[in-house]
Amino acid sequence: MHGQPRKPARIEDAAVSTAKAEALRNLQTQFIHNHRNQIYTDEAIEVSAKLLEVNPEIYTAWNYRKLAVQNRLGSVAVPEAIKAVLDEELRVAEVALKQNPKAYGAWHHRKWVLKKGHSSIDRELRLLGLLLKLDGRNFHGWNHMRFIYGLKNVSEEEELKFSTDKIYSNFSNYSAWHNRSVILFKLLKEKAVQKEVLSEEYEFIHNAIFTDPDDQSGWFYHRWLLNQTITPENVLLIGSWPINGSELVLSTDRNNIGCTPVFLTSHHLKYVLHTGSLPIILYFSQPLKGLNSSTVTVESILGTNGHLDWRPVSMNNSGESHSWMTYVEIPDLGSHDAKQTFTVNFGNSEGIISTNCSSCIYPFQFQFTVDWSYTGSEWTERNVGAEVVDWKDENFNSDTLPHDLSDVLISLDQLRISKDNEATFSKWHLDTLSNEIDLFRDLSSDGSCKIANLTLARLLIAKDMVSHGFPVTGKRIHSQEVLDLFDGLMKMDPPHSQYYKDEHSLVLMDQITSDKEKLRKLCTHYRMPSSSSHAQYVCLQLNRLSLSRIGFFERLLWVQMLDLSHNEVRSIEGLEAMQLLCCLNLSNNKIRSFSALGPLRLIKSLRVLDISNNEIGAHSTDSTRYTWPSPLSHNTEEYMKDVEQTAHWEAILLFKGLILTQLDVKGNAIADESLQALLPRVLPTLKWLDRVEL
């Protein structure tokens with residue numbers, strides 16, 4: 001139980017423990033015999049009760065008792081007899097919970113009995129009241145309370161009053177605060193009372209925070225309230241490629257359509273697409289699952305593409321993702337016009353579920369034009385893979401970029417796919433956030449309260465978002481103040497400096513990607529070293545910014561060449577959304593393992609990768625490895641013919657399936673001779689390894 005320290009073991013307790021262990025083994029032997037032979041006599045059932053009294057965590061014993069109950073109920077029909085059988089089960093569960101108040105099996109067994117409807121709910125509530133009086137933070141008890149309230153049809157208002165009483169008796173009751181958020185989540189679904197409920201909750205949480213600013217439970221609840229205030233109720237489309245209103249021109253050999261096509265926008269952004277088909281990428285404000293050709297349609301003069309296969313772009317296997325994509329095949333136009341307008345529509349949300357279980361998504365429609373001219377182009381002759389890509393500064397030039405490029409990269413009209421797609425924030429939202437900011441400025445004025453400064457930073461970020469609508473674009477009013485707050489927190493709270501550094505990086509990324517002037521200054525044209533002319537790639541240079549985390553990928557879907565070198569990046573989670581990416585420089589960062597590069601496996605357009613001078617192999621323990629698939633579940637035998645190569649199974653799983661032509665791994669602890677010998681076998685398309693031609 002909470003608040004009760006553990007007692008150290010004493011030497012004289014050893015004999016008692018030995019005797020208990022022997023008794024437990026005897027009970028287990030008898031129980032297993034009864035269970036295997038389906039013996040449900042009074043004596044056999046009593047053995048299971050004694051076993052659970054000693055160890056309530058034996059799930060097989062609870063399942064045995066369920067089978068015994070069903071066996072007994074099959075032979076009785078009198079209500080009193082049925083009640084007696086079920087009451088005995090409640091008694092056994094009660095004894096077990098006295099032994100261990102957090103025994104999952106006992107709580108589940110108790111619910112199973114109560115669902116049969118022959119037991120006293122009022123008595124159950126009284127027992128729960130006693131339990132929560134002794135241990136008010138027992139989350140099993142709170143979960144059971146909600147279950148009982150559901151059986152009794154208790155109103156949310158009465159549930160809320162109970163949690164309020166518990167909070168007033170102890171502000172540090174995390175379970176009571178969590179229970180309150182669960183109840184309010186239901187109430188906030190009613191739009192008519194949302195603002196009233198949230199306003200009351202802000203007033204309530206102020207009392208807790210300002211009474212004891214050092215108690216973190218109230219601060220966590222305030223963060224939950226802030227998320228409820230600024231999160232749009234419906235799922236929004238916040239990014240796409242092609243972007244709304246764009247005009248693409250296909251340029252390739254009419255007689256060799258299977259070769260790599262090149263797409264050129266009207267604003268001189270040139271795209272090399274290696275699939276031989278046109279990708280369509282959608283990015284939503286929340287992860288979704290269930291997207292298909294019946295919910296999102298793509299129409300043109302050739303008809304509706306009802307056969308398109310929409311797939312989630314995600315590292316997990318849940319089927320959920322922020323980003324979804326499909327491919328439109330290059331058509332055989334025949335007598336049709338070479339120029340086509342494609343309309344992407346979404347209107348039917350049936351079967352689509354978001355992470356917050358909402359199936360309501362704003363309808364959207366956007367258009368783009370493709371000119372399937374099949375005309376040759378001089379810049380298709382030089383392509384990635386023709387020669388080594390050199391990331392030196394002299395090979396990048398911003399003078400050749402068109403002046404109107406920024407309108408393509410970050411146009412309000414293009415990012416906001418439809419006016420109907422914008423989340424509307426009212427004056428109440430702005431006033432509420434302004435009031436919160438004023439309050440927490442006062443609390444953090446002396447700079448000594450870390451969590452007050454952190455909350456102030458989150459509030460300022462939220463106000464910038466609400467001020468500009470959603471998706472958020474435009475200059476950030478408070479970004480510099482937020483960056484200063486995170487700088488101060490890194491110095492004030494060194495044990496959590498990495499978290500503050502990550503948040504600082506995300507604010508900087510937001511500042512850069514939402515401001516078209518800042519973004520344009522970071523865009524350059526790449527020129528191949530052996531050529532005086534510029535290649536087709538515009539490179540986004542986010543190098544030397546001290547970034548430890550990257551984000552806002554919905555604004556970077558257009559990027560084909562990305563330089564993230566000389567930062568402090570440890571993870572590239574989310575980068576898989578950038579499905580047009582061909583060249584990526586991650587050199588001189590803090591990547592600790594190949595498993596941290598897992599998102600690259602989903603970017604099939606990637607041709608050039610530089611991960612030199614990182615920390616791969618320098619750390620014996622890396623948490624990202626525990627989420628990496630086991631080599632035993634993949635066909636890696638052809639690369640693992642000796643023990644030495646099995647040490648590189650992460651590299652095999654990462655690079656197998658990619659079509660890299662250039663790879664740099666030098667400067668990592670793991671880059672030994674065995675890895676150098678393995679990589680060309682795993683990557684048969686590789687032409688350059690560590691700048692040396694193979």
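Modeller: Buried means under 20% relative accessible area, exposed means over 50%, and partly exposed lies in between. The model discussed here is predicted.

Biologist: How many helices and strands are there in the chain?

Modeller: The chain has 694 residues, of which 51% count as buried. Its secondary structure comprises 21 helices and 21 strands.

Biologist: Of the contacts in the chain with a separation of 6 or more, what percentage do residues 24 or more positions apart account for?

Modeller: The count concerns contacts between residues with a separation of 6 or more. Within that set, the share of pairs 24 or more positions apart is 68%.

Biologist: What share of the area that the chain exposes is supplied by carbon and sulfur atoms?

Modeller: The chain exposes about 32,600 Å². Of this area, the part supplied by carbon and sulfur atoms is 50%.

Biologist: Is asparagine 613 buried, partly exposed or exposed?

Modeller: Asparagine 613 is found in the loop between strand 18 (608-610) and helix 19 (643-646). It has a positive phi of about 55° although it is not a glycine. Its relative accessible area is 34%, so asparagine 613 is partly exposed.

Biologist: Aspartate 690 also has a positive phi; is it buried or exposed?

Modeller: The loop between strand 20 (688-689) and strand 21 (692-693) holds aspartate 690. Its phi is about 55°, and it is not a glycine. The relative accessibility of aspartate 690 is 13%, and therefore this residue counts as buried.

Biologist: Which residue is joined to tryptophan 241 by a cis peptide bond?

Modeller: The omega of this bond is about 0°. The partner of tryptophan 241 has its place in the loop between strand 1 (237-241) and strand 2 (247-251). That partner is proline 242.

Biologist: How far apart are the C-alpha atoms of isoleucine 243 and phenylalanine 366?

Modeller: Isoleucine 243 is found in the loop between strand 1 and strand 2. Its relative accessible area is 15%, so isoleucine 243 is buried. Along the chain, isoleucine 243 and phenylalanine 366 are 123 residues apart, yet their C-alpha atoms are separated by 7.9 Å.

Biologist: What is the C-alpha to C-alpha separation of tryptophan 324 and leucine 282?

Modeller: Tryptophan 324 is found in strand 9 (residues 321-329). With a relative accessible area of 3%, tryptophan 324 is buried. Tryptophan 324 and leucine 282 are 42 residues apart in sequence, while the C-alpha separation in space is 5.3 Å.

Biologist: Leaving aside neighbours within four places in sequence, which residues are in contact with leucine 686?

Modeller: Leucine 686 is found in the loop between helix 21 (673-682) and strand 20. At 8% relative accessibility, leucine 686 counts as buried. Leucine 686 and threonine 661 are 25 residues apart in sequence and 4.1 Å apart in space, C-alpha to C-alpha. With its sequence neighbours left aside, the residues in contact with leucine 686 are Leu660, Thr661, Gln662, Leu663 and Leu694.

Biologist: Which residues does glutamate 503 touch, not counting those up to four places away in sequence?

Modeller: Glutamate 503 is found in helix 17. Its relative accessible area is 19%, and the cut-off for buried is under 20%, so glutamate 503 is buried. Not counting residues up to four places away in sequence, glutamate 503 touches Phe486 and Arg549.

Biologist: Which element gives the largest share of the largest nonpolar core?

Modeller: The largest nonpolar core has 166 residues, and those with the most contacts inside it are Leu575, Phe655 and Leu663. The largest share of this core, 9 residues, comes from helix 15.

Biologist: How many residues are in the second, separate core?

Modeller: Among the residues of this second core are Met528, Met561, Cys582 and Val608. It is separate from the largest core, and its residues number 11.

Biologist: Which residues are in contact with leucine 575, its neighbours within four places in sequence being left aside?

Modeller: Leucine 575 is one of the residues with the most contacts inside the largest nonpolar core. Beyond its sequence neighbours, leucine 575 is in contact with Ile550, Phe553, Leu562, Leu581, Leu584, Leu600 and Ile603.

Biologist: Which element gives the most to the lining of the second largest pocket?

Modeller: About 400 Å³ of space lies in this pocket. It is lined by 17 residues, and the closest to its centre are Gln216, Lys450, Ile451, Leu454 and Tyr500. Two or more lining residues come from each of helix 11 (216-230), helix 15 (450-468) and helix 17 (497-513). The element that gives the most, with 5 residues, is helix 15.

Biologist: How many residues of this lining are nonpolar?

Modeller: The lining of the second largest pocket includes 4 polar and 5 charged residues. The nonpolar residues of the lining number 8.

Technical notes: Residues numbered from 1 in each chain as written. Predicted model: local features only at pLDDT ≥ 70, side-chain atom pairs only at ≥ 80, totals over all residues. Heavy atoms only, no water. 1 Å grid on protein atoms, 1.4 Å probe; cavity = no way out; pocket = protein on both sides within 12 Å on 5 of 7 lines; lining within 4 Å. Points joined across faces, edges and corners; volume = space filled by probe spheres on them. Helix = DSSP H or I, 4+ residues; strand = E, 2+ residues; numbered from the N terminus. Nonpolar A, V, L, I, M, F, W, Y, C, P; charged D, E, K, R; others polar. Core = buried A, V, L, I, M, F, W, Y, C linked by side-chain atoms within 4.5 Å. Buried < 20%, exposed > 50% of the residue type's maximum accessible area, 1.4 Å probe, protein only. Contact = heavy atoms within 4.5 Å. Areas by Shrake-Rupley, 256 points an atom, 1.4 Å probe, with all protein chains shown as cover.
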